[in-house]
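Here's a quick walk through a predicted model. We'll look at how a pair of helices packs, then turn to the empty space inside.

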Amino acid sequence: EAKWWGFNAYGDWFDAADLKSPFAGKGEWLLPQATLERKLATFAAAARAGLALDLVTTPNHVWLDQLRVDLLADRAGDERIFGQLLCPSRPEGRDIILRNHAALFEAIRQRGLELASICACPYDYGGCSCAACSPWILTFAGLVLDLLELARRSFPGVRARLAGWWWTAAEHELFRNWADQPGSPARGQFVSLAK
């Protein structure tokens, strides 16, 4: 029905909150697998209606069974940072984050669906305030570029979008200065930022 209201895209977040990984390969059919199946079915219905598909992500929010004390994100000093978070500056944490997204991209591709864009949110189930991740907005942006490169292996035309939820004015400025620098890996990679 949204198509007839004038919408041209459908976006959804494949939420990991309170769920184990549906990709664990244990032959289980529990809430994580049922939730993933429902999300994929909704993506398929949106694609059949002619809507472009947008995957909303909070990149360092991981599955419940992937949390390890030595990989946890630092939440100190920033109330915007919460959720099942791993630190992407720790190589093993970043690897888990990338593998999660690769599995999700593959599940979407196996359904014969084409992902048009990824819309990434830095907070509200995301973030890390450790010294290696500070400033978080730039660590987040670099992580999104890694996810975009990964997604383009299955969806060559996929684009990156940003959600400005809870960004501060200083973060907008910091991001803009970084992204607009000559030679920045971000130049031309982010097609929108919605508040």
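## How helices 3 and 4 cross

Start with helix 3 (residues 136–151) and helix 4 (residues 169–180): their axes come within 9 Å, crossing at roughly 50°. Since angles from 65 to 115 degrees count as roughly perpendicular and those under 35 as roughly parallel, that makes helix 3 oblique to helix 4. The crossing of helix 3 past helix 4 is right-handed.

What meets what here? On the helix 3 side you'll find I137, L138, A141, G142 and L145, and they meet E171, L174, F175 and W178 of helix 4. By class, the residues of this contact come out as seven nonpolar, one polar and one charged.

## The largest cavity

Now for the gaps. The count is two cavities of 30 Å³ or more. The largest cavity holds about 180 Å³ of space. It is lined by 15 residues, and F14, T57, H61, H101 and L104 are the closest to its centre.

Strand 2 (52–57) and helix 2 (91–110) each chip in at least two residues to the lining of the largest cavity. That lining has 10 nonpolar residues, five polar and no charged.

## The second largest cavity

The second largest cavity has about 60 Å³ of space. Its lining is made up of F14, D15, L19, F23, P32, T35, L36, K39, W63 and L104. Helix 1 (residues 31–48) gives the most to this lining, with four residues.

Sort the lining of the second largest cavity by class and you get seven nonpolar residues, one polar and two charged.

Definitions and conventions
Residues numbered from 1 in each chain as written. Predicted model: local features only at pLDDT ≥ 70, side-chain atom pairs only at ≥ 80, totals over all residues. Heavy atoms only, no water. 1 Å grid on protein atoms, 1.4 Å probe; cavity = no way out; pocket = protein on both sides within 12 Å on 5 of 7 lines; lining within 4 Å. Points joined across faces, edges and corners; volume = space filled by probe spheres on them. Nonpolar A, V, L, I, M, F, W, Y, C, P; charged D, E, K, R; others polar. Axes fitted to C-alpha atoms, helices over the stretch in contact; angles between N-to-C directions. Parallel < 35°, antiparallel > 145°, perpendicular 65-115°, else oblique. Left-handed = near helix turned anticlockwise from the far one by under 90°. Contact = heavy atoms within 4.5 Å.
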